Amino acid sequence: MPDTEDTASAPTRRRSAASLRSARWFAPDDLRAFGHRSRLMQMGYGPEDWVGRPVIGILNTWSDINPCHAHFRQRVEDVKRGVLQAGGFPLELPAHSVAETFVKPTTMLYRNFLAMEAEELLRAHPLDGAVLMGGCDKSTPALLMGAISAGYPCIYLPAGPMLRGNWQGKVLGSGSDAWKYWDERRAGKITKTEWIGVEGGIARSHGTCMTMGTASTMTAIAEAIGMSLPGASSIPAADVGHARMSAECGRRIVEMVWDDLTPARILSRASFENAIVVAMAMGCSTNAIIHLVAMARRAGFDIGLDDFDRASRVVPVIANIRPSGDTYLMEDFFYAGGLPGLMSRLGTHLQPDALTVTGKSLGENIAGAKVFDDDVIRSVETAIYAEGALAVLRGNLAPSGCVIKPSACAPELLRHTGPAIVFDDYPAMKAAVDDENLDVTAAHVMVLRNAGPQGGPGMPEWGMLPIPKKLLKEGVRDMVRISDARMSGTSYGACILHVAPESYIGGPLALVRTGDLISIDVAARRIDLEVSDDELARRRAAWTPPPPRYERGYGWMYLKHIRQADEGCDFDFLETSFGAPVAEPSIY
């Protein structure tokens, strides 16, 4: 992708101890600072712990119900060790864990909640810098969004993928193989006993999904924009190298504080364009679009769907990792050279001068990177898919755009016209697909609506609609499915997602009726409802808005301020362009 602006290097900018932000809390000879110091001493610390030392906050999203972050109890100790080695004063602050598997109705409802919490934790406490510990899908964008808005030096520590799954000698990939074998069970080809074996074998260690799902996509994006140490996103959670990387994060953030190396100095438009290129080359999760748009807007850069589609035309998929690939998982990706190895093969697609948390450019960070397995990390010439992982479609059914992952769906469905079979909610759809008398064929286009940011609420990962049982028994394993929902990054198939504007607020998806013809043409980037404008106008006049999902609490605030999918689903009042930066808290 072409340069759009110059990227700055990181000139030496050593701060004095007196200029540290934490000194506002601890240095004055007044009653308020006395209280701050005495309370630290109440916890067993002494002046030698904090005087003249940067105070480093460690935002830890560990919880008892988040298997992706189960190792963070130990990793926070590794981070503290690194902070102490570098002369800093570490303080752990717990943050919302947003455990992908367990939080309902969807973690996406709470991404902005964690982003707000992270920003306010950093701003309200006597911190000079922060290590952000995340990895489970929404934790990465949320922590980075909050830290970008807060504006203090920070570094992102990714949880790392879990080890490969295994069942009866078969390598299992989290998510991807769950969908695959569930279809086989619904088709009557797997017994209940065998299914229990899959349950126990698909997730064998702590860490995030080991397919190229949303977790690995987003931690790689954090590294690609320069907010993680080189290679950090590829290390498996159970590898001892992960503990060493955690300690290095602690050491590095102390130096970043002394250098005043803030997100505003690191991030540029080039940083986010690099992330888009890397995402495409990895065969990324469709969720990358929503999160990266939101992160870029927090940093003041107007990244949008067109930036992704432009990259998708020219950047091939070179990471042969499920679900775009058919064999390998993230552990294999690490052994093959990891993200530095992949980036070393992207050549002129990347803008190497973009700055990173190391104080060096992206190009300097990957200068010595190598690839050790050419089948896992392909060259541009031997890519597994000639174009990028995602494509953005527009038409009268999605005026503001929608997304498909062509690298992970049946090629014959990339151009298709078929009759719609429409479902207004997930329970109705779930009941219908198990009805073996359902009037459906492989040519039908399944439509689920009222599943977007407001309709879900929270835009749940319902977009990989299950194939009707009747068709599974006929051998069908893919068909066109359309929704205003998201889908798991571990999912696959001809699923068209993020339809904007969403149906719940009157988007065109609300006007589709069963039997209407829908046409998609991925090469032409089109999606159209084959219904006349006059008929659509009549349907719109008859459409009745549904009742609001919430009347109080966080959900009420969410519905009042959430933006649509093409805008990143951030709250309107949190985007950088909304107003002036928040001032430092008063200390009286």
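1. Aromatic cluster. In this predicted model, one aromatic cluster is formed by Y110, F113, Y554, Y558, F571 and F573. Across the whole structure, a search finds 14 aromatic pairs. One of them joins Y110 to Y554: the two rings are stacked, with 5.6 Å centre to centre and 20° between the planes. Y110 belongs to the loop between β2 (89–94) and α5 (111–124), whereas Y554 belongs to helix α21 (residues 553–561), so the pair ties together parts that are 444 residues apart in sequence. The two partners fall into separate accessibility classes. Y110 has 22% relative accessibility and therefore counts as partly exposed; Y554, with a relative accessible area of 18%, is buried, because the class of buried residues ends at 20%.

2. A second pair on helix α21. Y554 also pairs with Y558, and here the arrangement is tilted, at 6.4 Å centre to centre and 50° between the planes. Y554 and Y558 are four residues apart in helix α21, which means that about one helical turn separates them. The relative accessible area of Y558 is 1%, so this residue is buried.

3. Charge over a ring. The charged end of R24 is placed over the ring of W25, at 5.7 Å from the ring centre.

4. Nonpolar cores. The largest nonpolar core contains 112 residues, and those touching the most other members are V131, L132, I221, F272, V278, M295 and L342. Helix α12 (residues 269–282) contributes the most to this core, with nine residues. Another core lies apart from it and has 29 residues, among them V422, V445, L509 and I518. In soluble globular proteins, nonpolar side chains tend to be buried together.

5. Surroundings of V131. Which residues does V131 contact once its neighbours within four places in sequence are left aside? The partners are I56, G57, I58, L59, V79, I155, L157, C249 and I253.

6. A buried asparagine. N274 is located in helix α12. Its relative accessible area is 0%, so N274 is buried. Not counting residues up to four places away in sequence, N274 touches A224, L350, Q351, A354 and L362.

7. Helix α14. Is helix α14 (residues 305–312) largely enclosed or largely open? Six of its eight residues are buried, so the helix is largely enclosed by the rest of the structure. The buried residues of α14 are L305, D307, F308, D309, A311 and S312, and the aspartates D307 and D309 thus appear in that list. These buried residues pack against α12, α13 (287–298), β7 (391–395) and β8 (398–404). Helix α12, which gives the most residues to the largest core, is therefore also one of the packing partners of α14.

8. Helix α6 and residue R111. A142 is found in helix α6 (residues 139–150) and is buried, with a relative accessible area of 0%. Although A142 and R111 are 31 residues apart along the chain, their C-alpha atoms are separated by 5.4 Å. Leaving aside neighbours within four places in sequence, the contacts of A142 are with R111, L114 and A115.

9. Cysteines. How many disulfides does the model contain? The count comes to zero. For C209, which is in no disulfide, the nearest cysteine sulfur is that of C68, 6.0 Å away. C209 counts as partly exposed because its relative accessibility is 24%. For C409, the closest cysteine sulfur is in C495; the separation is 8.3 Å, too far for a bond, since a disulfide requires sulfur atoms within 2.5 Å. C409 counts as buried, at 10% relative accessibility.

10. Confidence. The mean pLDDT of the protein is 95, and 97% of its residues reach 70 or more. Residues 1–8 are the stretch to note: pLDDT stays under 50 there, and the model has 21 contacts beyond four places in sequence for these residues. Where pLDDT is low, the predicted coordinates should not be read in detail.

How values were computed:
Residues numbered from 1 in each chain as written. Predicted model: local features only at pLDDT ≥ 70, side-chain atom pairs only at ≥ 80, totals over all residues. Heavy atoms only, no water. Buried < 20%, exposed > 50% of the residue type's maximum accessible area, 1.4 Å probe, protein only. pLDDT = per-residue confidence, 0-100. Contact = heavy atoms within 4.5 Å. Core = buried A, V, L, I, M, F, W, Y, C linked by side-chain atoms within 4.5 Å. Helix = DSSP H or I, 4+ residues; strand = E, 2+ residues; numbered from the N terminus. Phe/Tyr/Trp six-rings, centres within 6.5 Å; stacked < 30°, edge-to-face > 60°. Lys NZ or Arg CZ within 6 Å of the ring centre and 35° of its normal.
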